[in-house]
Number of protein chains: 2
Amino acid sequence: MARAATTSDAFNAIAEPRRRDILEFLAPRERPVNDVVASLSLPQPSVSKHLRVLLQVGLVDVRRDGRHVLYRINPESLRSVHAWTSRFERYWRSQLLRVKERAEHQAKRPDPNTTKRRPS
Amino acid sequence: MARAATTSDAFNAIAEPRRRDILEFLAPRERPVNDVVASLSLPQPSVSKHLRVLLQVGLVDVRRDGRHVLYRINPESLRSVHAWTSRFERYWRSQLLRVKERAEHQAKRPDPNTTKRRPS
DNA sequence: TTGACATATTCCGTAATAGGAATATGATTT
DNA sequence: AAATCATATTCCTATTACGGAATATGTCAA
């Protein structure tokens with residue numbers, strides 16, 4: 001059956017690194033396509049195609065202004081991904097805690113490699 | 001060049017919904033392959049293949065115990081994805097704020113389409 | 001209308017997927 | 001050693017993605 005379409009959901013859409021770059025670039029404010037092209041040094045057709053994917057999964061919105069087409073992120077669509085990863089937050093937190101505890105035990109018998117040092 | 005390999009990073013690996021299901025199942029504690037098979041009702045070879053992908057990107061770890069092979073999540077690897085989406089948190093927060101403000105203005109001049117209604 | 005600018009679409013080739021079925025490998029028990 | 005249990009690998013196929021190049025579409029200006 002092959003891999004799921006990139007347009008099937010946000011998870012598939014953001015698997016492509018360039019699309020993540022585009023989203024980051026659009027985050028602060030809406031931008032015309034050519035700004036993306038210039039900023040990321042990608043061929044214009046490539047950017048248009050990536051934007052289309054992002055649009056189809058609702059990660060960006062568009063509006064036209066004269067001959068410019070302005071894209072902006074729809075951050076709401078990223079919440080699903082954020083929410084999913086958040087389910088694992090407690091696990092990496094407890095993992096960090098274990099690391100921290102180990103470090104504190106170490107502190108009783110200090111490790112020369114870990115002690116403070118100034119740049120010589 | 002075709003799509004990036006599913007094994008190239010966590011983003012690509014979790015694009016596959018079954019792999020996300022597997023990670024959720026493994027989250028509480030390590031499990032043998034057959035538990036995953038039984039729990040998710042997937043063919044065993046399919047599970048083994050998915051686990052291999054997850055292993056290659058570091059999303060899970062393994063250890064052998066007799067004839068069982070126990071997989072466990074490595075939540076640390078999901079932090080990168082969480083961290084990336086977090087960069088957009090402030091944007092959806094302000095988006096929510098705008099929605100909330102609109103709602104409060106609406107409250108002053110109630111919209112009949114929005115007012116409460118009981119099923120007739 | 002013609003031209004210039006901005007963006008989108010199409011066509012092509014290559015590469016890589018996930019699923020299914022069959023089979024191989026590894027470990028344990030009898 | 002043979003049978004059994006647990007897991008991994010291989011082979012096959014249909015589908016799809018991405019990049020590049022060329023071209024189409026759309027909008028404004030002169």
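**Two chains and two DNA strands: a chat**

Author: B:D9 is partly exposed, with 18 other C-beta atoms within 10 Å. Keep in mind that this is a predicted model.

Reader: Why is B:D9 partly exposed and not buried?

Author: Because its count is 18 other C-beta atoms within 10 Å, and a residue needs 20 or more to be called buried.

Reader: Where in chain B is B:D9?

Author: B:D9 sits in the segment before α1 of chain B.

Reader: And how far is B:D9 from B:F25?

Author: In sequence, 16 residues apart. In space, B:D9 and B:F25 are 20 Å apart, C-alpha to C-alpha.

Reader: Switching to chain A. How many helices and strands does chain A have?

Author: Chain A has 6 helices and 3 strands.

Reader: What pattern do they follow along the sequence?

Author: The pattern of chain A is α-α-β-α-α-β-β-α-α.

Reader: How many of the residues in chain A are buried?

Author: Of its 120 residues, 24% are buried.

Reader: What about contacts between residues far along the sequence from each other?

Author: Take the contacts in chain A between residues at least 6 apart in sequence. Of those, 49% join residues at least 24 apart.

Reader: Which residues are buried in helix α5 of chain A?

Author: In α5 (residues 76-86), the buried ones are A:S77, A:L78, A:V81 and A:T85.

Reader: Where do the buried residues of α5(A) fall, seen down the axis?

Author: They fall within an arc of 100°, so they line one face of the helix.

Reader: Now the strands of chain B. What is their order in the sheet?

Author: The order is β1-β3-β2, in an open sheet of 3 strands with antiparallel pairing.

Reader: Which strands are at the edge?

Author: β1 and β2 of chain B, and each pairs on one side only.

Reader: How many bridges join β1 to β3 in chain B?

Author: There are 2 bridges between β1 (residues 31-32) and β3(B), and the two strands run antiparallel. In that pairing, B:R31 stands opposite B:Y71.

Reader: And how many bridges for β2 and β3?

Author: β2 (residues 60-65) pairs with β3(B) over 6 bridges, again in the antiparallel sense. Here B:D65 stands opposite B:H68.

Reader: What lies between β2 and β3 in chain B?

Author: A turn with 2 residues, which makes the pair a hairpin. B:G66 in that turn has a positive phi of about 65°.

Reader: Next, the two chains together. How many residues does each bring to the contact?

Author: Chain A brings 26 residues, and chain B brings 26 residues.

Reader: Which elements of chain B touch chain A?

Author: α1 (10-13), α2 (17-26), α5 (76-86) and α6 (89-108) of chain B each supply at least two residues. The largest share, 8 residues, comes from α5(B). By class, the side of chain B that touches chain A has 13 nonpolar, 5 polar and 8 charged residues.

Reader: How are the two copies related?

Author: Chain B can be laid on chain A by a turn of 180° and a shift of 0.1 Å along the axis, with an RMSD of 0.1 Å. The two copies are thus related as by a two-fold rotation axis. The same surface serves both copies, since 100% of the contact residues of chain B recur in chain A.

Reader: Which residue of chain B comes closest to the rotation axis?

Author: B:H82, at 2.9 Å (C-alpha).

Reader: Last topic, the DNA. What surrounds strand C?

Author: DNA strand C is surrounded by 26 residues, and the closest are A:A2, A:P32, A:N34, A:P45 and B:G66. The elements giving two or more residues are α3 (33-40), α4 and β3 (68-73) of chain A, together with α4 of chain B. α4(A) gives the most, with 6 residues.

Reader: B:G66 again! That's the one from the hairpin turn. What classes of residue are near strand C?

Author: The surface near DNA strand C has 11 nonpolar, 8 polar and 7 charged residues.

Reader: And how many residues surround DNA strand D?

Author: 27 residues, the closest being A:A2, B:P32, B:N34, B:P45 and B:S48. Two or more residues each come from α4 (44-56) of chain A and from α3 (33-40), α4 (44-56) and β3 (68-73) of chain B. α4(B) has the largest share there, 6 residues. The classes near DNA strand D are 12 nonpolar, 8 polar and 7 charged residues.

Terms used:
Residues are numbered from 1 along each chain as its sequence is written. Chains are lettered from A and ligands numbered from 1 in the order in which they are written. This is a predicted model: local features need pLDDT of at least 70, side-chain atom pairs count only at pLDDT 80 or more; totals for chains, interfaces and linings use all residues. A residue is near a molecule or strand if its C-beta atom, placed from the backbone, lies within 6 Å of it. Helices (H or I, at least four residues) and strands (E, at least two) are DSSP runs, numbered from the N terminus. Ala, Val, Leu, Ile, Met, Phe, Trp, Tyr, Cys and Pro count as nonpolar, Asp, Glu, Lys and Arg as charged, and the others, Gly among them, as polar. Two strands pair if DSSP finds at least two bridges between them. Two residues are in contact if their C-beta atoms, placed from the backbone, lie within 7 Å. A residue is buried if 20 or more other C-beta atoms lie within 10 Å of its own, exposed if 12 or fewer, and partly exposed in between; C-beta atoms are placed from the backbone. The arc is that of the directions from the helix axis to the C-beta atoms. Copies are superposed by least squares on the C-alpha atoms of residues with pLDDT of at least 70 in both.
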